[in-house]
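Colleague: I'm new to reading structures, so could you go through this one with me? I'd like to know where each label comes from.

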Amino acid sequence: EHKAVREAAGVFDISHMGEFSVCGRSAEEALNGILTNDIGRLADWEGQYTQFCNEKGGVVDDLYIYRLGPTSFILVVNASRISADADWIVRRLGGFQDAAEEGVEFRDESDDWSALALQGPASAACLEAAIGDSELDPVAGVAVVSELGKNRFAPVKWQGTRATVLVSRTGYTGEDGFEILCEPAAVEAIWDALMQAGGSLGLKPCGLGARDTLRTEVCYPLYGHELDEDTTPIEAGIGWSVALDKGDFVGREALVEQKEQGVNRRLIAFKMTGRSAPPRPGYPIWSVGDDAKRIGEVTSGTQSPSLGTGIGLGYVLREHSRRDTPIEIEIRGRRSPATICAKPIYRKNQTDT
C-alpha cells in the first residue's frame with residue numbers, strides 16, 4: 001500500500017475525520033481569533049493548514065480550513081478531537097452568537113460527511129478517469145480537476161450519485177493528491193468508480209497503517225504524537241502556520257514569547273544507522289559519549305518502506321537538536337545508533353542513505 005502511493009496511487013477511507021461548518025457575517029473575525037493561521041489570506045475555494053491553541057500556546061488540534069465564500073467555512077478536524085474541538089469552539093464563539101444576523105453559526109456536521117483521500121503521482125489521472133463526464137462547478141475557475149492548484153478545491157456534480165462532491169488538492173502523504181468530501185450515501189459509488197478507473201493505473205485501496213508510514217517519512221505531525229495541548233507549533237517546527245502579524249488570537253502571547261526567546265526542546269527527525277528493531281513512540285533518546293544522558297523521547301517511529309531503515313520523529317533538548325548529531329535510541333533496553341537528519345526524511349527519487 002505504501003509503495004502504491006509513492007509510485008502510483010492509493011485511496012484511503014478517512015470518513016472518521018470530523019467536519020464543522022462555521023458561517024455568518026462575523027465568521028472570519030471569529031475564526032481568526034481562535035486559529036493560528038490567517039484565514040484572511042484565503043481566496044474563495046481555497047484551503048489552509050492551521051491549529052487551535054490554548055492560552056499557553058499548546059495545540060488543541062491541528063486541522064484544515066476551507067473557505068467556500070466570504071462568510072462560509074468548512075473545518076476538517078481530527079477524529080479523536082471532534083467532541084473536544086466542538087466544545088472548545090462553541091465556548092469561544094459564544095460572544096458572536098448574540099445576534100443571529102450578525103453572528104456566527106456553528107454546526108458539527110461530522111455525521112453528514114464521508115471522505116476519501118486519493119494520493120500518489122497517478123492520482124490526478126485516476127480522479128479524472130473516475131469523474132468522467134461529471135460537471136465541475138465553474139466557481140473552481142478550471143476545466144478539469146488536474147488543473148486545481150495546491151490547497152484549492154471545487155464542487156463536482158459526480159455522475160450517478162446526484163451528490164455535489166467537494167474535491168480538494170490536499171493530502172497527508174507527501175505526494176500529489178486529492179481529498180474528496182461527500183455525503184455518506186454517495187461514498188460507496190465514488191470508491192467503486194475510483195477503483196474501476198484507477199486499476200490499470202496502479203491504484204490500490206490503502207489503510208491507516210500505510211498513511212502513518214507515509215506521513216512519518218515526510219515528517220508530517222500527528223495529533224497525540226507530535227502535537228498535544230502541552231506542545232506548541234513553535235516547538236513542533238510548524239511555526240510557518242502561525243500568523244503572529246494578523247492580530248490577537250488565543251495563544252498568541254505565549255507563542256510570541258517562544259518566538260522571541262526560543263524553545264527548550266525541538267522536534268527532530270532521525271534515521272537509524274545500524275541494524276536494529278524499528279523505533280517506536282515512547283522510546284528514550286540518548287546523547288552519545290562519556291557523558292551520555294537521556295535527552296528526549298521518540299514520538300513517531302517505524303521501519304521506512306521507502307528507505308529500508310528505521311526512522312522517526314522525537315523531541316530533544318534544544319542543545320542536542322543540530323542536524324547530523326549522532327544519537328542513540330533505546331530499543332527494548334538496548335541503545336542503537338541513529339543520526340539527526342534533515343526534514344523531510346524521505347525525498348522523491350531518494351533510495352537510501
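Colleague: In what order do the seven strands of the open sheet come?

Modeller: The order is S8-S9-S10-S11-S7-S1-S12, and the pairing is mixed. Keep in mind that this is a predicted model, where local features need pLDDT of at least 70 and side-chain atom pairs need 80 or more, while totals for chains, interfaces and linings use all residues. Residues are numbered from 1 along each chain as its sequence is written, and side-chain values use heavy atoms, with hydrogens and water left out.

Colleague: What makes S8 and S12 the edge strands?

Modeller: Strand S8 (135-136) and strand S12 (203-206) each pair on one side only. The names come from DSSP runs numbered from the N terminus: helices are H or I runs of at least four residues, and strands are E runs of at least two.

Colleague: How do you know that S7 and S11 are joined?

Modeller: Two strands pair if DSSP finds at least two bridges between them. Strand S7 (residues 114-119) and strand S11 (residues 177-182) have six bridges and run antiparallel, so they pass that cut-off. Look for Leu118, which stands opposite Phe178 in S11.

Colleague: What makes S3 and S4 a pair in the antiparallel sense?

Modeller: Eight bridges do, between strand S3 (residues 46-53) and S4. One of the matches puts Gln48 with its bridge partner Ile65 in S4. The two strands form a hairpin with five residues between them, and Gly57 in the turn has a positive phi of about 90°. On the next side, S4 pairs with strand S5 (residues 72-77) over five antiparallel bridges, and only two residues make up the hairpin link from S4 to S5. There, Tyr64 has Val76 as its bridge partner, and Gly69 stands opposite Ser72.

Colleague: Which sheet do these strands belong to?

Modeller: An open, antiparallel sheet of five strands, ordered S3-S4-S5-S2-S6. Its edge strands are S3 and strand S6 (105-108), and the twist averages 25° from one strand to the next.

Colleague: Why is S4 said to be largely enclosed?

Modeller: Ten of the eleven residues in strand S4 (residues 59-69) are buried, so the rest of the structure largely encloses it. Buried means under 20% relative accessible area, exposed means over 50%, and partly exposed is in between (1.4 Å probe, protein chains only). Helix H6 (residues 208-217) goes the same way: seven of its ten residues are buried, so it is largely enclosed too. Its buried residues include Ala210, Thr213 and Leu214.

Colleague: How do you know that Arg81 and Glu229 form a salt bridge?

Modeller: The rule asks for a side-chain nitrogen of Lys or Arg within 4 Å of a carboxyl oxygen of Asp or Glu. For Arg81 and Glu229 the closest N and O atoms are 2.9 Å apart, so the pair qualifies. The two residues sit 148 residues apart in the chain.

Colleague: Why do those two get different burial labels?

Modeller: Arg81 has a relative accessible area of 14%, so it is buried. Glu229 is at 35%, so it counts as partly exposed.

Colleague: What is the story with Asp85?

Modeller: Asp85 lies in helix H3 (residues 82-93). It is buried yet has no salt bridge, and the nearest side chain of opposite charge, Arg81, is 4.2 Å away. Signs are simple here: Lys and Arg are positive, Asp and Glu negative, and His and the chain ends are not counted. Contact means heavy atoms within 4.5 Å, and Asp85 touches Phe20, Phe52, Val60, Asp61 and Val77, leaving out residues up to four places away in sequence.

Colleague: Why is the Tyr49 and Tyr64 pair called tilted?

Modeller: Rings of Phe, Tyr and Trp (its six-membered ring) pair if their centres lie within 6.5 Å; planes under 30 degrees apart are stacked, over 60 edge-to-face, and the rest tilted. Tyr49 and Tyr64 are 6.2 Å centre to centre with 50° between the planes, so they pair and land in the tilted class. Both are buried, and they belong to a cluster of ring pairs with Trp45, Tyr66, Phe153 and Trp240.

Methods: Axes are lines fitted to C-alpha atoms, for helices over the stretch in contact, and angles run from 0 to 180 degrees between N-to-C directions.
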